[in-house]
Amino acid sequence: MLKLPRPKGSAAIAPSILSADQLNLGLAVQKAAQGGADWLHIDIMDGHFVPNLSFGPATVACINKATTLAQDVHLMVERPEDFAEPFTKAGASSLTLHIESKGDLKKLMARIKQSGLSTGLSIKPDTAPAEILPYIDLLDLVLVMTVYPGFGGQGFLQNGSAQIAQVRDIIKKSGRRMWLEVDGGINEETAAVAARAGADAFVAGNAVFNAPDIARAIARIRRAAS
């Protein structure tokens, strides 16, 4: 069973805490949960793989005290093997590695699965979808970035639709059941575009946490994506 629950008959919405009020993060997380979020998306940045820093394992551990929502941890880091164990121990539900990062990703993903977590693999906008093929049997999730990783608030790159469609075709041909997640510039309009291309899980930051009504924002994105 995947650690990332699948809503019945609808898309999964994963608000990104990168866009939440950091001074009141616990309250923001609880509002997202009450508003109908399916998971929380946690972007981990190391200042090397991307030119920014974000959260550590302590954040994941604290969030687990505020909500029972699954934590979809996205490792935007140069050496994910240095981060996998601390985030596993902190209570992550899923770890998504970047195919462009360093190290033996197959070996690391196998270890993550043995720990009982879901395993994901992410590709940047310029990475060919076919590069995920050697890892397909280990995956529970593929994350297509529709912005260049490192900063929140960017606009959806239109060539992302083609990437999503190609990944969906790869997943279909594999015969395996996994999520196709999209991250970057997701709102009501772009969620519909990504869904038509084949995405079924949607990371939304500003569109959720900067909305006047979080529950309504999540419902609108879900409706557009479904």
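In the predicted model, strand 6 and strand 7, the latter formed by residues 179-183, run parallel to one another and are joined by five bridges. Within this pairing, L141 stands opposite W179 of strand 7. Strand 6 also pairs in the parallel sense with strand 5, which comprises residues 118-123, and here four bridges connect the two. L141 takes part in this second pairing as well, as the bridge partner of G120.

Strand 6 itself, spanning residues 141-145, is mostly covered, with five of its five residues buried. In a regular strand, side chains point alternately to the two faces of the sheet. For strand 6 both of these faces are covered, since the buried residues L141, L143 and M145 lie on one side, while V142 and V144, likewise buried, lie on the other.

The loop between helix 5 (160-174) and strand 7 contains M178, a residue that is buried, with a relative accessible area of 2%. Between M178 and L141, which are 37 residues apart in sequence, the C-alpha to C-alpha distance is 5.2 Å. When residues up to four places away in sequence are not counted, M178 touches R6, I136, L139, D140, L141, V142, I171 and D200; L141 and V142, among these partners, belong to the buried residues of strand 6.

Strand 7 also contributes to the one aromatic pair that the structure holds. The ring centres of W39 and W179 are 4.9 Å apart and the ring planes stand at 85°, so the arrangement is classed as edge-to-face. This pair links distant parts of the chain, with W39 in strand 2 (residues 39-45) and W179 in strand 7, at a separation of 140 residues. Both W39 and W179 are buried. An aromatic ring is involved in a further arrangement, in which K124 lies over the face of F49, at 4.4 Å from the ring centre.

On the other side of strand 7 in sequence, G185 is found in the loop that leads to helix 6 (188-197). G185 is partly exposed, and its relative accessible area is 24%, whereas M178, in the loop between helix 5 and strand 7, is buried. The C-alpha atoms of G185 and A207 are separated by 8.4 Å, the two residues being 22 residues apart along the chain. With neighbours within four places in sequence left aside, the contacts of G185 are with V147, Q154, G155, F156 and T190.

Considered as a whole, the protein chain has eight helices and eight strands. Its radius of gyration is 16 Å, close to the 17 Å that the globule rule gives for 226 residues, so the chain is as compact as a globular protein of that length. The C-alpha trace spans about 45 × 35 × 35 Å along its principal axes. Of the 226 residues in the protein chain, 54% are buried, and among contacts between residues at least 6 apart in sequence, 66% join residues at least 24 apart. The protein chain exposes about 9800 Å², of which carbon and sulfur atoms supply 51%.

Conventions: Residues are numbered from 1 along each chain as its sequence is written. This is a predicted model: local features need pLDDT of at least 70, side-chain atom pairs count only at pLDDT 80 or more; totals for chains, interfaces and linings use all residues. Side-chain values use heavy atoms; hydrogens and water are left out. Buried means under 20% relative accessible area, exposed over 50%, partly exposed in between (1.4 Å probe, protein chains only). Two strands pair if DSSP finds at least two bridges between them. Rings of Phe, Tyr and Trp (its six-membered ring) pair if their centres lie within 6.5 Å; planes under 30 degrees apart count as stacked, over 60 as edge-to-face and the rest as tilted. A charge sits over a ring if NZ of Lys or CZ of Arg is within 6 Å of the ring centre and within 35 degrees of the ring normal. The radius of gyration is taken over C-alpha atoms; the globule rule is 2.2 Å times the number of residues to the power 0.38. Contact means heavy atoms within 4.5 Å. Accessible areas come from the Shrake-Rupley method with a 1.4 Å probe; for residues, only the protein chains shown count as cover.
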